Amino acid sequence: SGQVGSRDDGSPEPDFPKQVELAFRRLESVLKAGGCTFDDVVDVTSFHTDPPTQFETVLAVKRTVFGEAPYPTWTAIGVTWLAGFAFEIKVVARIPPAA
């Protein structure tokens with residue numbers, strides 16, 4: 001399922017850069033629970049309430065979490081409502097072979 005940048009109480013983080021960082025941290029936890037890392041991500045979909053003003057912030061965080069190329073495909077979608085959030089991210093990841 002998609003991840004958003006919520007505070008511990010479930011409310012949206014009002015600071016957009018922090019909201020994006022929280023969403024990526026929550027996503028990292030989900031990946032880890034499945035035995036994956038960001039290197040295993042093959043497809044990304046992100047939802048933005050104001051893409052022109054938000055995309056550079058998202059790209060800055062992306063550069064810190066994804067390793068070297070090849071990078072996953074990425075579809076960014078502009079939306080009008082995300083239940084109080086400004087950004088949501090969901091991914092498809094491959095489960096790595098057992099060691």
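This passage describes the charged pairs, the aromatic rings and the nonpolar core of a predicted model.

Two salt bridges are counted in the model. In one of them, Arg7 is paired with Glu13, and the closest nitrogen and oxygen atoms of the two residues are 3.6 Å apart. The partners differ in their surroundings, because Arg7, with a relative accessible area of 39%, is partly exposed, whereas Glu13, with a relative accessible area of 13%, is buried. The side chains of Arg94 and Asp40 form a salt bridge as well, with a distance of 3.3 Å from N to O. This pair links distant parts of the chain, since Arg94 belongs to the segment after strand β4 (87-93) and Asp40 to the loop between helix α1 (16-33) and strand β2 (41-48), with 54 residues separating them. Here Arg94 counts as partly exposed, its relative accessibility being 42%, while Asp40 is buried, with a relative accessible area of 6%.

The aromatic side chains add a further set of contacts, and 4 aromatic pairs are counted. In the pair formed by Phe24 and Phe87, the ring centres lie 6.2 Å apart and the planes meet at 15°, so the arrangement is classed as stacked. Because Phe24 is part of helix α1 and Phe87 is part of strand β4, this pair ties together parts of the chain that are 63 residues apart in sequence. Phe24 and Phe87 are both buried. The pair of Phe66 and Trp74, by comparison, is edge-to-face, with 6.2 Å from centre to centre and an angle of 65° between the planes. Of these two residues, Phe66 is buried, with a relative accessible area of 8%, but Trp74 is partly exposed, with a relative accessibility of 23%. Taken together, ring pairs join Phe24, Phe38, Phe66, Trp74 and Phe87 into a cluster.

Several members of this cluster reappear in the description of the nonpolar core. The largest nonpolar core holds 16 residues, of which Val20, Phe24, Phe38, Phe87 and Ile89 touch the most other members. Two or more residues of this core are contributed by each of the elements α1, β2, α2 (51-65) and β4, and the largest share, which amounts to 6 residues, comes from α1. The surroundings of Phe87 can be followed in some detail: when residues up to four places away in sequence are left out, the residues that Phe87 touches include Val4, Phe16, Val20, Ala23, Phe24, Phe47, Val58 and Leu82. Phe87 also touches Gln3, Gln19, Ser46 and His48, among others.

A charged residue, Lys62, is also found among aromatic neighbours. Lys62 lies in helix α2 and is positioned over the face of Tyr71, at 4.7 Å from the centre of the ring. When neighbours within four places in sequence are set aside, Lys62 is in contact with Phe24 and Trp74, two residues that belong to the cluster linked by ring pairs. Although Lys62 is buried, it has no salt bridge, and the nearest side chain of opposite charge, that of Glu56, is 11 Å away. The absence of a salt bridge follows from this distance, because a salt bridge requires the nitrogen and the carboxyl oxygen to be within 4 Å.

Key
Residues numbered from 1 in each chain as written. Predicted model: local features only at pLDDT ≥ 70, side-chain atom pairs only at ≥ 80, totals over all residues. Heavy atoms only, no water. Buried < 20%, exposed > 50% of the residue type's maximum accessible area, 1.4 Å probe, protein only. Helix = DSSP H or I, 4+ residues; strand = E, 2+ residues; numbered from the N terminus. Phe/Tyr/Trp six-rings, centres within 6.5 Å; stacked < 30°, edge-to-face > 60°. Lys NZ or Arg CZ within 6 Å of the ring centre and 35° of its normal. Core = buried A, V, L, I, M, F, W, Y, C linked by side-chain atoms within 4.5 Å. Contact = heavy atoms within 4.5 Å. Lys, Arg positive; Asp, Glu negative; His and termini not counted.
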